[in-house]
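I opened this entry to record what I looked up on cysteine pairing and on one of the pockets.

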Amino acid sequence: MNIALLLAAGTDPTFRMDIPKQFVNVYNRPIIVYTMETFQHHSEIDTIMVACLKGWENMVEAYAKQFGISKLKWVIPGGRTGQETSKLAVDRLMEECSAEDIIIIHDAIRPMVSDEIISDSIHTCNKKGMGVAAVTSMDNVMMTDDGVTGRLSISRYAFRRIQTPQTYRLGDLKKAHEEALDKGIEHENDTNNIISRLGRNVHFSKGSDKNLKINTVEDVAMFKALYAMKNGDI
């Protein structure tokens, strides 16, 4: 079984709107609904879990009913960090699912994720044990100690920008969380950070610069433009 875990538990005090960014309305639909719809319509996704902000669970369930997200099976409150939220979700899923099931972790604030990216993450996981969406940067980067001056230039070909989805076997991810806590690895935001800190290689799957993560008000405007282009409105 392929389970999509949509992470919607984060808050960002720098986001200049009155409600969490995952619930901001764009063209009369909340951003999280666009994301849920993509996984709802994907033929390889069997069921959906949403880990959301405490107090917003009923809202997510209401949105699912309103917009026909019939694959939604679980809505749980998230934790204080991405790592804690992921572990809470994995622990809950292990109560009802098989260790061999696939879990596709995706940011609810990446509503432009494509079917191709989701499929490649799943297929890479089946071949390599995980599939983490990644893209090559279009720019070189520099190391900095003070944020004002640079001391080491790094070629853009030497690193990847990590996105979601990030896909794993459920049982493998359960073990990784347990091992991380045993080794004092805490407060990570991305699952791939946990895997790398455990000394394992992270296997990349396809990403895209269009797989926008909405972090700022300006990103909301970018999403509107990308969505309009995708649907032929521009």
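Entry 1, cysteines. I began with C125 in this predicted model. The closest cysteine sulfur to that of C125 belongs to C97, at 15 Å, and C125 therefore lies too far away for a bond. I noted that C125 is buried, its relative accessible area being 2%.

I then turned to C52. Which cysteine holds the sulfur closest to that of C52? C97 holds it, at 18 Å, which is again too far for a bond. C52 is buried as well, with a relative accessible area of 0%.

I next asked how many disulfides the rule gives. The cut-off I applied is a pair of cysteine sulfur atoms within 2.5 Å, and the count comes to zero disulfides. For C125 the 15 Å to the sulfur of C97 rules out a bond, and for C52 the 18 Å does so.

Entry 2, pocket. I looked up the second largest pocket and recorded a volume of about 390 Å³. Three elements each give two or more residues to the lining of this pocket: α1 (31-41), α4 (115-128) and α7 (217-230). Which element gives the most to this lining? I found that α7 does, with five residues.

In total, 20 residues line the second largest pocket. I listed those nearest its centre as P111, M112, V113, S114 and K230. Sorted by class, the lining comprises nine nonpolar, six polar and five charged residues.

Methods
Residues are numbered from 1 along each chain as its sequence is written. This is a predicted model: local features need pLDDT of at least 70, side-chain atom pairs count only at pLDDT 80 or more; totals for chains, interfaces and linings use all residues. Side-chain values use heavy atoms; hydrogens and water are left out. On a 1 Å grid over the protein atoms alone, a cavity is a set of points where a 1.4 Å probe fits but cannot get out, and a pocket is an open set with protein on both sides within 12 Å along at least five of seven lines; lining residues have an atom within 4 Å of a point. Grid points are joined across faces, edges and corners, and a volume is the space filled by probe spheres set on the points. Helices (H or I, at least four residues) and strands (E, at least two) are DSSP runs, numbered from the N terminus. Ala, Val, Leu, Ile, Met, Phe, Trp, Tyr, Cys and Pro count as nonpolar, Asp, Glu, Lys and Arg as charged, and the others, Gly among them, as polar. Buried means under 20% relative accessible area, exposed over 50%, partly exposed in between (1.4 Å probe, protein chains only).
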